[in-house]
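Here is a friendly tour of one model, written for someone who likes to check geometry against coordinates. Please keep the viewer open as you read.

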Number of protein chains: 2
Amino acid sequence: MKEKSTSFDIAFRAGVSQSTVSRALRNSPLVNEATREKIQAIAKELNYKVDKNASSLRSQHSDTIALLLFEDPTNDDSAINPFFLSMLGSITRACSNRGYDLLVSFQQASEDWHADYEDSNKADGLILLGYGDYLSYEEKLLKLLDQETHFVRWGAEVKNLPLISVGCDNYQGGIEVADHIIKQGRKQVAFLGTASSHAPEFFDRYKGYCHALENHGLKVNADLQFNALYTEDAGYKAACELIASGEQFDAIFAACDLIAVGALRALQEHNITIPEQVSLVGFDDIAIASFTFPSLTTVKQDTQLAGELLVETLLTMIQGGEAKTTLIAPELVIRKSS
Amino acid sequence: MKEKSTSFDIAFRAGVSQSTVSRALRNSPLVNEATREKIQAIAKELNYKVDKNASSLRSQHSDTIALLLFEDPTNDDSAINPFFLSMLGSITRACSNRGYDLLVSFQQASEDWHADYEDSNKADGLILLGYGDYLSYEEKLLKLLDQETHFVRWGAEVKNLPLISVGCDNYQGGIEVADHIIKQGRKQVAFLGTASSHAPEFFDRYKGYCHALENHGLKVNADLQFNALYTEDAGYKAACELIASGEQFDAIFAACDLIAVGALRALQEHNITIPEQVSLVGFDDIAIASFTFPSLTTVKQDTQLAGELLVETLLTMIQGGEAKTTLIAPELVIRKSS
DNA sequence: CTGAAAGCGCTTACAG
DNA sequence: CTGAAAGCGCTTACAG
């Protein structure tokens with residue numbers, strides 16, 4: 001490597017002290033304008049860049065955020081849910097708009113994803129992203145809280161913990177799906193997705209859906225709910241179970257698009273026509289949803305907005321401000337599958 | 001924030017010097033085993049984490065890699081090509097498997113994406129990712145080279161520059177597509193994609209395709225090549241131009257899947273049946289390709305392997321080893337559109 | 001507006 | 001195997 005220049009080299013060339021160089025480079029108003037321009041010109045000429053390690057060490061903040069993307073341990077290594085990939089994109093953008101760097105890390109749910117990014121001063125705060133069974137993480141979340149780590153989560157609220165989150169209004173999303181399906185005259189709606197606190201987002205969608213069914217005077221048939229977590233395979237299997245169960249159904253609400261895509265495959269293999277015999281609705285609006293045949297009716301979560309809010313909320317916390325949990329409005333996108 | 005503990009706190013509690021703590025925490029063989037265990041126990045109890053800024057500053061390496069994802073400036077903000085999102089996923093995994101952190105940054109092609117991650121000591125090296133017009137970046141690449149920055153690129157080779165890259169064998173991919181199409185009896189093959197050094201990956205695919213056509217005694221009809229860059233919209237427009245041109249064609253080779261998806265839409269709007277009237281083949285094998293109707297024949301690039309190779313190559317360079325450019329073998333995936 | 005000095009929290013020769 | 005000391009390259013009171 002070439003010899004790296006330091007602020008002392010610049011100070012020497014400019015004939016000023018190193019402190020003045022440091023000030024000039026950060027555009028401190030304390031520095032005479034001519035001096036500042038001269039110093040900045042020399043810095044540019046020498047290709048000088050402030051050493052982030054030294055500056056972070058001294059100032060005790062890194063202007064960096066860490067994104068921890070955690071996944072269900074049952075997921076295989078190859079595929080990340082496209083929904084989170086899209087969130088990752090919007091978070092990256094939101095950070096760079098604010099001059100923050102983003103450290104990305106994947107965590108198996110089993111690992112120490114509470115990690116040490118902030119403890120080790122690599123990041124000023126954390127974003128936690130993933131569909132998740134927060135029940136099993138409770139201990140780790142408590143530890144984060146205990147250490148006064150700055151962090152925001154994406155997802156459903158966790159009861160009894162004072163966590164700051166940004167999430168989709170899943171309950172409302174469930175209502176909109178059920179309303180839509182019922183408006184089309186369907187009466188026997190199956191739900192494919194784990195409906196328990198182990199999948200809190202799905203559970204909220206389920207509760208909203210149940211609420212809407214009852215509002216329309218329909219009874220919720222618990223036999224029409226089949227567990228499935230996050231993946232296309234899980235959706236395929238759940239739909240096969242549904243078909244094998246012999247229960248009558250004329251509509252399916254899949255807890256996420258990947259589940260819907262798996263269900264679609266199962267239905268087609270059984271020569272069940274969509275939407276004629278069965279309406280199918282998903283959740284997330286991943287890119288694939290526009291391309292399935294028939295295209296998938298689903299609930300869009302605004303990932304662009306979500307990324308902005310996550311970053312903004314976290315920065316508020318880092319700066320010592322009062323942050324609060326936000327819910328994003330879901331948006332029903334009607335396509336050909338319903 | 002709570003009082004953060006330092007290696008001196010641990011030294012004090014353990015009754016040893018701070019140097020010994022530092023050694024024990026990094027599992028130096030110089031430290032007595034009992035001492036080491038005692039120190040590590042105390043560190044754990046105090047929730048102590050080594051300060052990365054201090055340690056990187058002192059040791060002059062950060063065990064961090066920066067990923068610069070750059071995009072064509074014509075792209076709108078909302079969508080990142082799913083292919084790169086998938087690469088991002090595999091790179092993240094490959095880094096974490098090797099104990100490296102990953103800093104992610106999006107760059108507009110117009111910006112200083114040669115950036116200062118390594119200059120500022122935030123990262124030990126760079127991965128450059130993006131379809132790209134390397135011609136216009138040549139100056140920046142030269143600067144990276146000049147500064148002896150450690151970096152690997154994803155993509156096509158750049159003539160006359162000693163760059164280390166990992167890329168797909170796009171030329172071979174083009175050959176396989178053409179062979180496949182011709183084997184099906186098609187003779188008038190259109191190419192949708194910019195065929196110039198401004199899109200080197202596409203150009204290589206085009207050249208392989210031309211080579212194969214000629215090998216089969218077919219003449220390449222330059223009127224059947226329509227420019228298009230990276231996006232579904234561009235594919236849609238190019239296909240519309242092709243249809244409007246009045247040229248006869250019975251197959252389309254789209255330079256990437258997003259272009260193919262756009263072309264598919266255009267063909268369907270014109271009631272052209274696939275694959276009966278026209279065969280359609282893409283490139284990349286993004287997730288969407290399995291879900292279009294009909295599903296898309298395409299060329300798969302192994303993103304898992306690509307991520308591994310990119311990271312491995314870069315680490316070799318960082319460690320002062322001899323790294324070399326690698327090509328990944330493309331794999332034709334035949335589906336229903338051809 | 002500028003400079004001299006301290007110190008952020010480590011790692012690593014050096015000496016024993 | 002251990003400790004005392006230097007120093008990585010900055011930022012920031014403090015003094016002028």
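## Backbone oddities

Let us begin in a loop: A:Asn271 sits between α10 and β9 of chain A. This model is predicted, and in it A:Asn271 takes a positive phi of about 55° although the residue is not a glycine. Most residues other than glycine have a negative phi, and most peptide bonds are trans. A:Pro275 belongs to the loop between α10 (257-269) and β9 (279-281) of chain A, and the peptide bond leading to A:Pro275 from A:Ile274 is cis, with omega near 5°.

Chain B offers a cis bond to look at as well. B:Phe293 and B:Pro294 are joined by a cis peptide bond whose omega is about -5°. You will find B:Pro294 in the loop between β9 (279-281) and β10 (298-300) of chain B.

## Around DNA strand C

Which residues come closest to DNA strand C? Of the 27 residues that surround the strand, the closest are A:Arg23, B:Ser7, B:Gln18, B:Ser22 and B:Arg58. On the DNA side, 55% of the strand C atoms within 4 Å of the protein belong to sugar or phosphate, and the rest belong to bases. The residues of the surface near DNA strand C comprise eight nonpolar, 13 polar and six charged.

Some contacts reach the bases. B:Arg58 has a polar side-chain atom 2.2 Å from a base oxygen of DNA strand C. B:Arg23 places a polar side-chain atom 2.9 Å from a base nitrogen of DNA strand C, while B:Ala54 uses a backbone N or O atom, 3.3 Å from a base nitrogen of that strand. Two or more residues of the surface near DNA strand C come from each of these elements: α2 (18-25) and α4 (52-59) of chain A, and α2 (18-25) and α4 (52-59) of chain B.

## Around DNA strand D

DNA strand D is surrounded by 27 residues, and the closest are A:Ser7, A:Gln18, A:Ser22, A:Arg58 and B:Arg23. Of the strand D atoms within 4 Å of the protein, 55% are from sugar or phosphate and the rest from bases. By class, the residues of this surface split into eight nonpolar, 13 polar and six charged.

Here is how some of the polar contacts look. An N or O atom in the side chain of A:Arg23 is 2.9 Å from a base nitrogen of DNA strand D. At the phosphates, A:Arg26 brings a polar side-chain atom to 3.4 Å from an oxygen of DNA strand D, and B:Ser17 has a polar backbone atom 2.9 Å from a phosphate oxygen of the strand. The elements giving two or more residues to the surface near DNA strand D are α2 and α4 of chain A together with α2 and α4 of chain B.

## Helix packing in chain A

Two packed helices are described by the angle between their axes and the distance between the axes. In chain A, helix α5 (residues 82-97) packs with helix α11 (residues 303-318) at about 50°, and their axes are 8 Å apart. That angle makes α5(A) oblique to α11(A), and the crossing is right-handed.

From α5(A), the residues in contact include A:Phe83, A:Met87 and A:Ile91; from α11(A), they include A:Ala306, A:Leu310 and A:Val311. The residues of this contact divide into eight nonpolar, six polar and one charged.

## Helix packing in chain B

Helix α7 (residues 170-183) and helix α8 (residues 200-215) of chain B pack at an angle of about 45°, with axes 7 Å apart. The pair therefore counts as oblique, and α7(B) passes α8(B) in a right-handed crossing. Among the residues that meet are B:Tyr171 and B:Ile175 of α7(B) with B:Tyr209 and B:Leu213 of α8(B). The contact of α7(B) with α8(B) has seven nonpolar, four polar and five charged residues.

For helix α9 (residues 232-244) and helix α10 (residues 257-269) of chain B, the axes come within 6 Å and cross at roughly 45°. That makes α9(B) oblique to α10(B), in a right-handed crossing. The contact includes B:Tyr236 and B:Ile243 of α9(B) and B:Leu258 and B:Val261 of α10(B). By class, the residues of this contact are 10 nonpolar, two polar and four charged.

Notes
Residues numbered from 1 in each chain as written. Chains lettered and ligands numbered in written order. Predicted model: local features only at pLDDT ≥ 70, side-chain atom pairs only at ≥ 80, totals over all residues. Heavy atoms only, no water. Near = heavy atom within 4 Å. Polar contact = N/O pair within 3.5 Å; in protein donor to acceptor, adjacent residues only side chain to side chain. Helix = DSSP H or I, 4+ residues; strand = E, 2+ residues; numbered from the N terminus. Nonpolar A, V, L, I, M, F, W, Y, C, P; charged D, E, K, R; others polar. Axes fitted to C-alpha atoms, helices over the stretch in contact; angles between N-to-C directions. Parallel < 35°, antiparallel > 145°, perpendicular 65-115°, else oblique. Left-handed = near helix turned anticlockwise from the far one by under 90°. Contact = heavy atoms within 4.5 Å.
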